[in-house]
Amino acid sequence: MDKIIIEARVNELATRRGNPHVPFVPSEIISDGIACANEGASILHYHGRKPDGEPENAAEFYLETNAGLRAGCDILIHPTLGYVANETDAMGRFAAVEQMMKSAETAPDFAPMDCGSVNVDWWNPDTNSFDTTELIYKNSTGTLMHFAERIAHYGLKPYLVSWNVSFTRLIEQFLKMGVLKDPAYICFCLTDQIIFAGHPGTPAGLDAHTAFLPQDFDIVWTAVNYKGDLFLLTEKIIRAGGHISIGLGDFAYMDGSRHLTNAEVIAKVVEQARSLGREPATVEETRQILEMPEVRIGT
Ligand code: ZN
């Protein structure tokens, strides 16, 4: 079967209460990225975080982190646009990427497009109530078309996130319109236990995503389980020909009572994939599978 693309999702907005190995500042993300690359990850996804863990949207954070990663390894870089922590207009949300594109040393390889809008409030099982009640992850059609235009302009690969079937339908519509081109790289987002915006992190939740894969286009898909244990599904994903996006950003992975590092999580995926006949894709193989264009530096 085809090689498997493994993406390390090292931090998201995860705290260190669940796992102390979640990286926050650039030096921590860089060393985690290099360690994950050494274990077989070909893509790194990260969020800017302040030393206390709060979200950091300043372009300088991303410039420093990307430059450090470029100097240390060849892993493909997929930074966030800030998720709900960066609620400005379309140009404001893309501003950090525009800065990154001014130099080959700081340019990423992917930019994300979450192709729809959802309520992303946090459920607290201890209090049996929501900790937040007004968190909406807004991605208007116009904003997404702006992202698609800028992503194509720079020769980046759009990282298309689908939280539910309506997102996949918009991706298909964009493909029909020519706003997006295939092969499209779609990340099926499962959200478990404390956030309900995606499909459940179960076999049925994943099947409901893949049942609506756009039929007339070349689609490569990966899956995440945001706030759930993706290892419950990795064998199914590997056997189905999907790819895997995983890390401490999503879930506080443990081995018994021991907290795993991001690199150890990646090593565990690689071991399972190999046992099922799929080798991890190198960076170059990942570029070929996704037909990634040449990045254009400039403005
Ligand atoms: Zn993210």
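Glu12 has a relative accessibility of 6%, which is under the 20% cut-off, and therefore counts as buried. The model in which this residue is described is a predicted one. Glu12 is among the protein donors of a zinc ion, and Glu12 is also one of the residues closest to the centre of the largest cavity. The points below treat the zinc site, the strands beside it, the cavities and the pockets.

**Zinc site**

- The zinc ion receives two OE atoms from Glu12, together with NE2 of His45 and NE2 of His47, at 2.0 to 2.5 Å.
- The arrangement is irregular because the 4 donor atoms subtend angles of 53 to 133° around the zinc ion.
- Along the sequence, the donor residues follow the spacing E-x32-H-x1-H.
- Glu12 belongs to the loop between strand S1 (6-9) and helix H1 (26-39), and His47 to the loop between strand S2 (43-46) and helix H2 (59-72), so this pair ties together parts that are 35 residues apart in sequence.
- His47 has a relative accessibility of 4% and therefore counts as buried.

**Strands S1, S2 and S12**

- S1 is covered on both faces, with Ile6 and Ala8 buried on one side and Glu7 and Arg9 buried on the other.
- S1 runs parallel to S2, and 3 bridges join the two strands.
- Within this pairing, Arg9 has His45 of S2 as its bridge partner; His45 also provides an NE2 donor to the zinc ion.
- S1 also pairs with strand S12 (residues 243-246), again in the parallel sense and over 3 bridges.
- Ile6 has Ile244 as its bridge partner in S12.

**Cavities**

- The structure contains 2 cavities of 30 Å³ or more.
- The largest cavity encloses about 260 Å³ of space.
- Its lining comprises 22 residues, of which Arg9, Glu12, His45, Asp114 and Val161 are the closest to the centre.
- Strands S4 (110-114), S9, S10 (184-191) and S11 (219-226) each contribute at least two residues to the lining of the largest cavity, and S4 supplies the largest share, 3 residues.
- By class, the lining of the largest cavity consists of 13 nonpolar, 5 polar and 4 charged residues.
- The second largest cavity has a volume of about 30 Å³.
- The residues lining the second largest cavity include the zinc donor His47, along with Leu13, Gly48, Pro55, Glu56, Asn57, Tyr62, Thr80, Gly82 and Ala85.
- In the lining of the second largest cavity, 4 residues are nonpolar, 5 are polar and 1 is charged.

**Pockets**

- The largest pocket has a volume of about 760 Å³.
- Ala14, Thr15, Arg17, Ile194 and Lys227 are the closest to its centre among the 30 residues that line the largest pocket.
- The lining of the largest pocket is made up of 14 nonpolar, 7 polar and 9 charged residues.
- The second largest pocket has a volume of about 280 Å³.
- Of the 15 residues lining the second largest pocket, Ala152, Leu156, Pro158, Lys181 and Pro293 are the closest to its centre.
- Helix H4 (141-154) and strand S9 (157-162) are the elements that give two or more residues to the lining of the second largest pocket, and H4 gives the most, with 3 residues.
- The lining of the second largest pocket has 9 nonpolar, 1 polar and 5 charged residues.
- S9 thus appears in two linings, that of the second largest pocket and that of the largest cavity.

How values were computed: Residues numbered from 1 in each chain as written. Predicted model: local features only at pLDDT ≥ 70, side-chain atom pairs only at ≥ 80, totals over all residues. Heavy atoms only, no water. 1 Å grid on protein atoms, 1.4 Å probe; cavity = no way out; pocket = protein on both sides within 12 Å on 5 of 7 lines; lining within 4 Å. Points joined across faces, edges and corners; volume = space filled by probe spheres on them. Nonpolar A, V, L, I, M, F, W, Y, C, P; charged D, E, K, R; others polar. Helix = DSSP H or I, 4+ residues; strand = E, 2+ residues; numbered from the N terminus. Donors = N, O, S within 2.8 Å, 3.2 Å for Na, K, Ca; no water. Tetrahedral: all angles 85-135°; square planar, octahedral: opposite > 155°, others 65-115°. Buried < 20%, exposed > 50% of the residue type's maximum accessible area, 1.4 Å probe, protein only. Pairing = 2+ DSSP bridges.
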